[in-house]
Amino acid sequence: MRVVNILELLAKACALAAGALVVMMVVITCGSIIGRETVGHTITGDFELVGLATGAAVGLFMPLCQLHRGNIVVDFFTARAPRSVNRALDRVGALLLAVCCALLAWRAGLGGLSSWRSGSTTMLLGVPEWWAYAPMVPGFALTAVIGLKQALFGFGAQPDHHGETA
């Protein structure tokens, strides 16, 4: 199996996990609102659970977004530049993203480890806070790997932000 296929498979698995978290957030939020408006009771700690899941989902959505070049590109100054210049800048951008995501993975890992060691939990439900960090680490690490691969080897036959094949 090619490296690109493995990266895509892992990125899709992360996105599916993130999607499941988003569905859970919607169910909790709707359940809490419906409960408040119909029977006068909300789901205790709904904002805690949504907050924890949001951070995790962001980290897990990143790999697929980077793999398919879905990040926002501001090309105001480079729109008329030669295609080779844009390709080079895209590769530099991928490298910078890889470095940033590697740092985020490292710091999220340390933050989660610190949270686990201290036993910190959410205020109402007592959910361990490291649960939010744990899914972020592989998501950001995989994004860093994808960005590094793109910086070193290019973007393959994927369309660039102008809709052209790179």
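How exposed is Lys12, by its relative accessible area? Lys12 is partly exposed, at 41%. The legends below describe this residue and others in a predicted model.

**Figure 1. The whole chain is built from helices, four in number, with zero strands.** Read from start to end, the pattern is α-α-α-α. The radius of gyration is 19 Å, well over the 15 Å that the globule rule gives for 166 residues, so the chain is more spread out than a compact globule. The C-alpha trace spans about 60 × 40 × 35 Å along its principal axes. Of the 166 residues, 31% are buried. The accessible surface comes to about 10000 Å², and carbon and sulfur atoms account for 71% of that surface. Among contacts between residues at least 6 apart in sequence, 77% join residues at least 24 apart.

**Figure 2. Glu8 and Lys12 form a salt bridge within helix H1.** The closest N and O atoms of the pair are 3.4 Å apart. Helix H1 covers residues 3-38, and the two partners sit four residues apart in the helix, about one turn. Glu8 is partly exposed, with a relative accessible area of 23%. Lys12 is also partly exposed, at 41%.

**Figure 3. Arg36 and Glu37 are joined by a salt bridge between their side chains.** The N to O distance is 3.3 Å. Arg36 counts as partly exposed at 44% relative accessibility, while Glu37 is exposed at 58%.

**Figure 4. A salt bridge links Asp90 to Arg69.** The N to O distance here is 2.7 Å. Asp90 lies in helix H3 and Arg69 in the loop between H2 and H3, so the pair ties together parts that are 21 residues apart in sequence. Asp90 counts as buried because its relative accessibility is 15%, under the 20% cut-off. Arg69 is buried as well, with a relative accessible area of 17%. The backbone of Arg69 has a phi near 55°, a positive value in a residue other than glycine. The salt bridges of the chain come to three by count.

**Figure 5. Glu48 is a buried charged residue with no salt bridge.** Glu48 has its place in helix H2, which covers residues 46-67. Where is the nearest side chain of opposite charge? That side chain belongs to Arg36, 16 Å away. Leaving aside neighbours within four places in sequence, Glu48 is in contact with Thr122, Met123, Leu124 and Leu125.

**Figure 6. The charges of the chain number 11 positive and 9 negative.** The mean positions of these two sets are 12 Å apart.

How values were computed: Residues are numbered from 1 along each chain as its sequence is written. This is a predicted model: local features need pLDDT of at least 70, side-chain atom pairs count only at pLDDT 80 or more; totals for chains, interfaces and linings use all residues. Side-chain values use heavy atoms; hydrogens and water are left out. Helices (H or I, at least four residues) and strands (E, at least two) are DSSP runs, numbered from the N terminus. The radius of gyration is taken over C-alpha atoms; the globule rule is 2.2 Å times the number of residues to the power 0.38. Buried means under 20% relative accessible area, exposed over 50%, partly exposed in between (1.4 Å probe, protein chains only). Contact means heavy atoms within 4.5 Å. Accessible areas come from the Shrake-Rupley method with a 1.4 Å probe; for residues, only the protein chains shown count as cover. Lys and Arg count as positive and Asp and Glu as negative; His and the chain ends are not counted. The place of a charge is taken as NZ of Lys, CZ of Arg, CG of Asp or CD of Glu. A salt bridge is a side-chain nitrogen of Lys or Arg within 4 Å of a carboxyl oxygen of Asp or Glu.
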